[in-house]
Amino acid sequence: MSVMQRPVTQSAGGVIYYLASDGEPRYLLIKRQAMSKKIERVVPKGKVQEWETHEDAALREVSEETGLILNLLQVVTKLGQTHIRTDDPTIGNLNKDITLFLMLYAGDPTKISIIDGEWYVGVYKWCTLQEVLALIYYPDLRELIRSSYAIIKADVQQDTIKQNFLESL
(Lines give C-alpha, C1' and ligand atoms only; values in the text may rest on other atoms or scores of the structure.)
Protein backbone atom coordinates (compact mmCIF):
# COMPACT_ATOMS: atom_id res chain seq x y z
CA MET A 1 0.00 0.00 0.00
CA SER A 2 1.50 3.34 -1.01
CA VAL A 3 1.90 6.18 1.47
CA MET A 4 -0.97 8.15 -0.06
CA GLN A 5 -3.36 5.18 0.34
CA ARG A 6 -2.73 4.85 4.08
CA PRO A 7 -4.70 6.91 6.59
CA VAL A 8 -2.94 10.00 7.89
CA THR A 9 -1.73 9.66 11.48
CA GLN A 10 -2.34 12.79 13.52
CA SER A 11 0.42 13.80 15.94
CA ALA A 12 0.90 16.86 18.12
CA GLY A 13 3.76 18.32 20.09
CA GLY A 14 5.35 21.34 21.60
CA VAL A 15 8.12 23.78 20.83
CA ILE A 16 8.96 24.46 24.47
CA TYR A 17 10.97 27.45 25.62
CA TYR A 18 11.84 29.50 28.66
CA LEU A 19 13.37 32.97 28.80
CA ALA A 20 16.98 32.87 29.99
CA SER A 21 18.54 35.61 32.13
CA ASP A 22 19.83 37.30 28.97
CA GLY A 23 16.21 37.72 27.77
CA GLU A 24 16.65 35.20 24.96
CA PRO A 25 14.57 32.06 24.59
CA ARG A 26 16.07 28.64 25.17
CA TYR A 27 14.33 25.83 23.31
CA LEU A 28 14.03 22.26 24.53
CA LEU A 29 15.32 19.56 22.19
CA ILE A 30 15.37 15.88 23.03
CA LYS A 31 17.40 13.10 21.44
CA ARG A 32 15.73 10.14 19.85
CA GLN A 33 16.63 7.31 17.56
CA ALA A 34 14.96 7.72 14.20
CA MET A 35 13.53 4.75 12.32
CA SER A 36 16.65 5.02 10.14
CA LYS A 37 18.65 4.26 13.35
CA LYS A 38 20.25 7.72 13.29
CA ILE A 39 20.22 9.79 16.48
CA GLU A 40 18.41 13.08 15.96
CA ARG A 41 17.27 16.06 18.03
CA VAL A 42 13.54 16.75 17.97
CA VAL A 43 10.76 18.44 19.92
CA PRO A 44 8.50 16.21 22.01
CA LYS A 45 5.43 14.98 20.16
CA GLY A 46 3.17 11.99 19.81
CA LYS A 47 -0.04 10.53 18.51
CA VAL A 48 -3.36 12.32 19.04
CA GLN A 49 -5.89 10.00 20.68
CA GLU A 50 -9.46 9.91 19.30
CA TRP A 51 -10.92 11.79 22.28
CA GLU A 52 -8.29 14.58 22.36
CA THR A 53 -7.89 17.93 20.72
CA HIS A 54 -4.50 18.53 19.11
CA GLU A 55 -3.64 21.03 21.85
CA ASP A 56 -4.54 18.59 24.64
CA ALA A 57 -2.52 15.85 22.95
CA ALA A 58 0.47 18.18 22.60
CA LEU A 59 0.38 19.05 26.31
CA ARG A 60 0.01 15.40 27.31
CA GLU A 61 2.83 14.24 25.05
CA VAL A 62 5.18 17.00 26.21
CA SER A 63 4.49 16.13 29.85
CA GLU A 64 4.86 12.38 29.27
CA GLU A 65 8.08 12.66 27.32
CA THR A 66 9.83 15.32 29.39
CA GLY A 67 8.39 15.02 32.88
CA LEU A 68 7.43 18.72 32.76
CA ILE A 69 4.49 19.56 35.00
CA LEU A 70 1.40 20.52 32.99
CA ASN A 71 0.48 23.53 35.13
CA LEU A 72 3.93 25.02 34.40
CA LEU A 73 3.34 24.87 30.62
CA GLN A 74 1.41 27.60 28.85
CA VAL A 75 0.35 27.23 25.23
CA VAL A 76 1.21 30.54 23.58
CA THR A 77 -0.05 29.76 20.07
CA LYS A 78 -0.38 27.11 17.40
CA LEU A 79 2.76 27.35 15.28
CA GLY A 80 1.65 25.20 12.37
CA GLN A 81 2.03 21.73 10.90
CA THR A 82 4.75 19.58 9.48
CA HIS A 83 4.09 16.56 7.29
CA ILE A 84 5.94 13.30 6.80
CA ARG A 85 5.09 11.29 3.72
CA THR A 86 7.43 8.50 2.73
CA ASP A 87 7.65 4.92 1.53
CA ASP A 88 11.42 4.91 2.05
CA PRO A 89 12.26 1.47 3.47
CA THR A 90 15.28 2.87 5.35
CA ILE A 91 13.09 5.09 7.55
CA GLY A 92 9.73 3.36 7.43
CA ASN A 93 6.37 3.93 5.81
CA LEU A 94 4.98 7.15 7.19
CA ASN A 95 1.93 9.23 6.45
CA LYS A 96 1.79 11.71 9.31
CA ASP A 97 0.66 15.27 10.07
CA ILE A 98 2.28 16.88 13.13
CA THR A 99 0.65 19.95 14.69
CA LEU A 100 3.06 21.97 16.83
CA PHE A 101 2.27 24.49 19.56
CA LEU A 102 4.58 27.09 21.06
CA MET A 103 4.71 26.51 24.84
CA LEU A 104 6.24 28.66 27.55
CA TYR A 105 7.74 26.70 30.44
CA ALA A 106 7.50 28.61 33.73
CA GLY A 107 9.39 26.12 35.90
CA ASP A 108 12.98 25.20 36.66
CA PRO A 109 14.62 24.21 33.35
CA THR A 110 16.82 21.66 35.12
CA LYS A 111 13.77 19.68 36.30
CA ILE A 112 13.31 17.49 33.26
CA SER A 113 12.98 13.72 33.19
CA ILE A 114 13.25 12.40 29.65
CA ILE A 115 11.96 8.86 29.39
CA ASP A 116 14.31 6.30 27.96
CA GLY A 117 11.83 4.60 25.69
CA GLU A 118 9.58 5.19 22.69
CA TRP A 119 12.80 5.77 20.69
CA TYR A 120 14.00 8.50 23.10
CA VAL A 121 17.49 8.10 24.52
CA GLY A 122 17.04 10.07 27.74
CA VAL A 123 19.03 13.16 26.73
CA TYR A 124 17.85 16.76 26.43
CA LYS A 125 19.36 20.16 25.74
CA TRP A 126 18.09 23.72 26.15
CA CYS A 127 19.31 25.50 23.01
CA THR A 128 19.62 29.00 21.65
CA LEU A 129 17.90 29.68 18.34
CA GLN A 130 21.23 29.35 16.52
CA GLU A 131 21.89 25.96 18.12
CA VAL A 132 18.39 24.75 17.21
CA LEU A 133 18.86 25.78 13.59
CA ALA A 134 22.14 23.86 13.48
CA LEU A 135 20.86 20.72 15.26
CA ILE A 136 17.42 20.16 13.72
CA TYR A 137 17.47 17.99 10.62
CA TYR A 138 13.96 18.75 9.32
CA PRO A 139 13.74 22.06 7.38
CA ASP A 140 10.02 22.61 8.07
CA LEU A 141 10.58 22.18 11.83
CA ARG A 142 13.52 24.61 11.69
CA GLU A 143 11.28 27.19 10.01
CA LEU A 144 8.50 26.80 12.57
CA ILE A 145 11.02 27.32 15.37
CA ARG A 146 12.52 30.30 13.55
CA SER A 147 9.02 31.83 13.29
CA SER A 148 8.46 31.19 17.01
CA TYR A 149 11.41 33.46 17.81
CA ALA A 150 9.60 36.47 16.32
CA ILE A 151 6.46 35.60 18.32
CA ILE A 152 8.45 35.31 21.55
CA LYS A 153 10.32 38.59 20.99
CA ALA A 154 7.05 40.42 20.19
CA ASP A 155 5.50 39.07 23.41
CA VAL A 156 8.53 40.18 25.44
CA GLN A 157 8.38 43.64 23.89
CA GLN A 158 4.65 43.92 24.60
CA ASP A 159 5.20 42.83 28.23
CA THR A 160 7.94 45.45 28.62
CA ILE A 161 5.66 48.18 27.28
CA LYS A 162 2.88 47.13 29.69
CA GLN A 163 5.30 47.05 32.63
CA ASN A 164 6.70 50.51 31.79
CA PHE A 165 3.17 51.90 31.47
CA LEU A 166 2.11 50.46 34.84
CA GLU A 167 5.23 51.83 36.50
CA SER A 168 4.51 55.30 35.12
CA LEU A 169 1.08 55.44 36.80
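**Close-up views of a predicted model**

Tyr-138 is partly exposed, with 28% relative accessible area. The model shown in every view is predicted.

**View 1. Tyr-137 and Tyr-138 form an edge-to-face pair.** The ring centres of Tyr-137 and Tyr-138 lie 5.1 Å apart. Their planes stand at 80 degrees, so the pair counts as edge-to-face. Planes over 60 degrees apart earn that label. Tyr-137 is exposed, at 58% relative accessibility. Tyr-138, at 28%, is partly exposed.

**View 2. Tyr-105 and Trp-126 form a stacked aromatic pair.** The whole structure holds 3 aromatic pairs. In this one, Tyr-105 and Trp-126 sit 6.3 Å apart, centre to centre. The angle between their planes is 15 degrees. Tyr-105 belongs to strand β6 (residues 94-105), and Trp-126 to strand β7 (residues 120-127), so the pair ties together parts that are 21 residues apart in sequence. Both residues are buried. With Tyr-18, Tyr-105 and Trp-126 make up one aromatic cluster.

**View 3. The largest nonpolar core has 19 residues.** Six of its members touch the most other members: Ile-16, Leu-28, Leu-68, Leu-73, Met-103 and Trp-126. Strands β1 (9-19), β2 and β6 each supply at least two residues, as does α1 (54-66). The largest share comes from α1, with 4 residues. Apart from this core lies another, of 17 residues. Its members include Tyr-27, Val-43, Leu-102 and Ile-145.

**View 4. Leu-28 and its contacts beyond its sequence neighbours.** Neighbours within four places in sequence are left aside here. Leu-28 then contacts Ile-16, Val-42, Val-43, Thr-66 and Leu-68, among others. Further contacts of Leu-28 include Ile-112, Tyr-124, Lys-125 and Trp-126. Within the largest nonpolar core, Leu-28 is one of the residues that touch the most other members.

**View 5. Ile-30 in strand β2.** Strand β2 covers residues 25-33. Ile-30 is buried, with a relative accessible area of 0%. Ile-30 and Glu-65 are 35 residues apart along the chain. Their C-alpha atoms are separated by 9.1 Å.

**View 6. Asp-22 and Arg-26 meet in a salt bridge.** A search of the whole structure finds 7 salt bridges. In this one, the N to O distance is 2.9 Å. Is each partner buried or partly exposed? Asp-22 is partly exposed, at 47% relative accessibility. Arg-26 is buried, at 17%.

**View 7. Glu-131 and Lys-125 meet in a salt bridge.** The side chains come to 3.7 Å, N to O. Glu-131 is partly exposed, at 30% relative accessibility. Lys-125 is partly exposed, with a relative accessible area of 30%. Lys-125 also contacts Leu-28.

**View 8. Glu-143 and Arg-146 form a salt bridge within helix α3.** The closest N and O atoms are 3.2 Å apart. Helix α3 spans residues 139-168. Its residues Glu-143 and Arg-146 are 3 residues apart, about one turn of the helix. Glu-143 is partly exposed, at 43% relative accessibility. Arg-146 is partly exposed as well, at 40%.

**View 9. A network of salt bridges links Glu-52, Arg-60, Glu-61 and Glu-64.** One of the four is an arginine, Arg-60. The others are Glu-52, Glu-61 and Glu-64.

Key:
Residues are numbered from 1 along each chain as its sequence is written. This is a predicted model: local features need pLDDT of at least 70, side-chain atom pairs count only at pLDDT 80 or more; totals for chains, interfaces and linings use all residues. Side-chain values use heavy atoms; hydrogens and water are left out. Rings of Phe, Tyr and Trp (its six-membered ring) pair if their centres lie within 6.5 Å; planes under 30 degrees apart count as stacked, over 60 as edge-to-face and the rest as tilted. Buried means under 20% relative accessible area, exposed over 50%, partly exposed in between (1.4 Å probe, protein chains only). A nonpolar core is a set of buried Ala, Val, Leu, Ile, Met, Phe, Trp, Tyr and Cys residues joined through side-chain atoms within 4.5 Å. Contact means heavy atoms within 4.5 Å.
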